[in-house]
Amino acid sequence: MGWVISLVNGITFYDWVELPEDVTIHGSVPLAVKNQQKAEEIENMKLKKKDLELKKVNVIKAPENLGTPELSIFLAGSIEMGKAIDWQNEIANKCEESDSDKTVTLFNPRRDDWDSSWEQTIENDNFREQVEWELNALDVADKVVIFIDPKTTSPITLMELGLHANSNKMCVCCPEGFYRKGNVDIVCNYYNIPMVDDIDGLVKFILE
């Protein structure tokens with residue numbers, strides 16, 4: 001079927017008629033081609049939908065909008081470039097590869113466009129944006145996991161631990177060798193914060 005447009009005495013007429021699939025009218029695309037294109041579009045939409053359904057982990061990095069995810073986890077912990085491992089990415093991969101059917105959103109403060117030349121003062125807009133993003137993400141997250149790399153000093157991580165020690169939504173991994181492990185252990189014990197031995201333990205806490 002297709003529209004046939006005709007012009008008679010300056011008046012345009014439109015007729016819906018049966019047409020062979022290989023007919024082209026006034027330079028239009030043949031119906032057979034249109035049908036094939038439509039089928040391909042539908043198939044692509046199905047594939048995209050399937051990808052979205054299979055994706056179990058959504059990562060939001062600073063300073064992106066946090067949105068309103070169903071289950072959100074803030075990845076607090078060591079970031080010191082050149083010293084700390086990229087444990088945030090490891091957690092994302094392990095969650096994606098897990099057998100859990102949960103869909104989680106990870107708030108990752110490890111910023112792709114971080115510039116170490118930014119002056120770390122309240123007057124610096126970029127730096128302030130980063131810090132306020134982290135504070136907001138910590139507040140709204142359903143869970144907070146902390147990994148402290150023993151090769152770092154991680155002063156901001158220690159501050160975040162103190163800020164949310166009484167939140168009942170934290171889990172901490174502080175391996176042997178961290179120079180303030182004793183303090184971290186005592187704080188976690190005092191506030192009944194669960195501690196785990198490795199990143200796998202943090203993943204288990206996220207997905208339970």
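Here are three short exercises on aromatic pairs and sheet packing in this predicted model.

**Exercise 1.** Classify the pair formed by Trp-87 and Phe-147, and find which elements the two rings belong to.

*Solution.* Start with the geometry: the ring centres lie 5.7 Å apart and the planes meet at 45°. Planes under 30 degrees apart count as stacked and those over 60 as edge-to-face, so the Trp-87 and Phe-147 pair is tilted. Next, place the residues: Trp-87 is in helix H2 (residues 87-97) and Phe-147 in strand E6 (residues 143-147), so the pair ties together parts 60 residues apart in sequence. Finally, check burial: Trp-87 is buried at 0% relative accessibility, and Phe-147 is buried at 7%.

**Exercise 2.** Now do the like for Tyr-190 and Tyr-191: which class of pair do they form?

*Solution.* Their ring centres are 5.0 Å apart with planes at 75°, so this pair is edge-to-face. As for accessibility, Tyr-190 is exposed at 64%, while Tyr-191 is partly exposed at 33%.

**Exercise 3.** Work out where strand E6 sits in its sheet, and which helix packs there.

*Solution.* First, read the strand order of this open sheet, E3-E5-E4-E6-E7, with parallel pairing. The edges are strand E3 (57-61) and strand E7 (170-173). Then look at the neighbour: E6 pairs with E7 over 4 bridges, and Ile-146 has Val-172 in E7 as its bridge partner. Last, add the helix: H6 (residues 199-207) packs on the sheet, touching E4, E5, E6 and E7. The direction of H6 makes about 180° with that of E6.

Key
Residues are numbered from 1 along each chain as its sequence is written. This is a predicted model: local features need pLDDT of at least 70, side-chain atom pairs count only at pLDDT 80 or more; totals for chains, interfaces and linings use all residues. Side-chain values use heavy atoms; hydrogens and water are left out. Rings of Phe, Tyr and Trp (its six-membered ring) pair if their centres lie within 6.5 Å; planes under 30 degrees apart count as stacked, over 60 as edge-to-face and the rest as tilted. Helices (H or I, at least four residues) and strands (E, at least two) are DSSP runs, numbered from the N terminus. Buried means under 20% relative accessible area, exposed over 50%, partly exposed in between (1.4 Å probe, protein chains only). Two strands pair if DSSP finds at least two bridges between them. Contact means heavy atoms within 4.5 Å. Axes are lines fitted to C-alpha atoms, for helices over the stretch in contact, and angles run from 0 to 180 degrees between N-to-C directions.
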